[in-house]
Protein chains: 2
Amino acid sequence: MNERLAARGFRFTSQREHVYKVLLQERDHPTAEQVFLRAKKGLPDISMATVYNCLDALVKCRLAREVNVDRTAMRYCPNMQDHFHFYCDTCGGVFDIECLAGAHAGEFAIPKGFAARRYEISIHGDCPKCSTKSSRAKRNDS
Amino acid sequence: MNERLAARGFRFTSQREHVYKVLLQERDHPTAEQVFLRAKKGLPDISMATVYNCLDALVKCRLAREVNVDRTAMRYCPNMQDHFHFYCDTCGGVFDIECLAGAHAGEFAIPKGFAARRYEISIHGDCPKCSTKSSRAKRNDS
DNA sequence: CTAGGTGCAAAAGGTTTGCGGTTAA
DNA sequence: TTAACCGCAAACCTTTTGCACCTAG
């Protein structure tokens, strides 16, 4: 990662290294706060601001992506392959969904004149664990 | 809209009526604050909290949708037909994109066990106005 | 040596909440 | 009549910023 940081003019610091390691360790799309709590185990003096700074640096040098779900806290994802996300309505988990390469560009009726640069697809529903649970429980929801 | 509100146990109030009218009037996906400013013209004493309450009621009784762009303020959209959004990177505008009915369900390699309930597709790029402007200007961006 | 990074605390931006008074049904 | 709603202000949560000190290059 040193080269990646350097390529964009960022310095290599122990905090950035550690935050990246934390991100790679448990690929569950943690929020900044979750990263902060995990990072503190190895680097007890790290601050929230530094975690944000480190995550920002990782995003800028393309070692991580930001993942947005509704208005909840930003989540971070070190999977840089082209992929989408599945959001579980029940447990709140975020799962990577592989993207069938280049399959989408022509799919939408984008009116003339719009210059599309980036697609983002989110799929909401129940993850395998929660979908078997809820079909067993047959719970009544709002 | 009275029936729609009543159907979900909401009362019909002048504030809710007015906020809905404001939303229909200018379909540019305004933020709560923009709705607030526009609503004040007709209802000078309305408060931000009430605007949030009204928008929330409209969303809950399916007269409006919430539209999320990155981490900016929530936007509101009274177009209840199935559609996606195009976000202009240059002017920040949000545009409705018609959805080719049911065209997407099979497109993604969703692993077995995931129960998809809702798809959300955002397309980022330049709107017609900005894309002609930028091709004329040939500006160097970050 | 020094530009950039760190940690802290305080502020910002968007949204939600608690509360006393008001109103639709 | 009364539960729901309103307006206000204060709280809340996530993210950003200002600043003094520190450190990688």
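Select A:Met74 and DNA strand D: a polar backbone atom of A:Met74 lies 2.8 Å from a phosphate oxygen of that strand, a polar contact being a pair of N or O atoms within 3.5 Å (within protein, one must be able to donate a hydrogen and the other to accept it, and residues adjacent in sequence count only if both atoms are side-chain atoms). This is a predicted model, in which local features need pLDDT of at least 70 and side-chain atom pairs count only at pLDDT 80 or more, while totals for chains, interfaces and linings use all residues. Residues are numbered from 1 along each chain as its sequence is written, chains are lettered from A and ligands numbered from 1 in the order in which they are written, and side-chain values use heavy atoms, with hydrogens and water left out.

Remain on strand D and move to chain B. A polar side-chain atom of B:Thr50 is 2.3 Å from a phosphate oxygen of DNA strand D, and a side-chain N or O atom of B:Asn53 is 2.7 Å from a phosphate oxygen of this strand. Both residues are among the nearest of the 19 around DNA strand D, where near means a heavy atom within 4 Å. Of the strand D atoms within 4 Å of the protein, 74% belong to sugar or phosphate.

Next, select DNA strand C. B:Met74 places a polar backbone atom 2.8 Å from a phosphate oxygen of strand C. On chain A, polar side-chain atoms approach phosphate oxygens of DNA strand C at 2.7 Å for A:Thr13 and 3.3 Å for A:Arg71. Of the strand C atoms within 4 Å of the protein, 71% belong to sugar or phosphate and the rest to bases.
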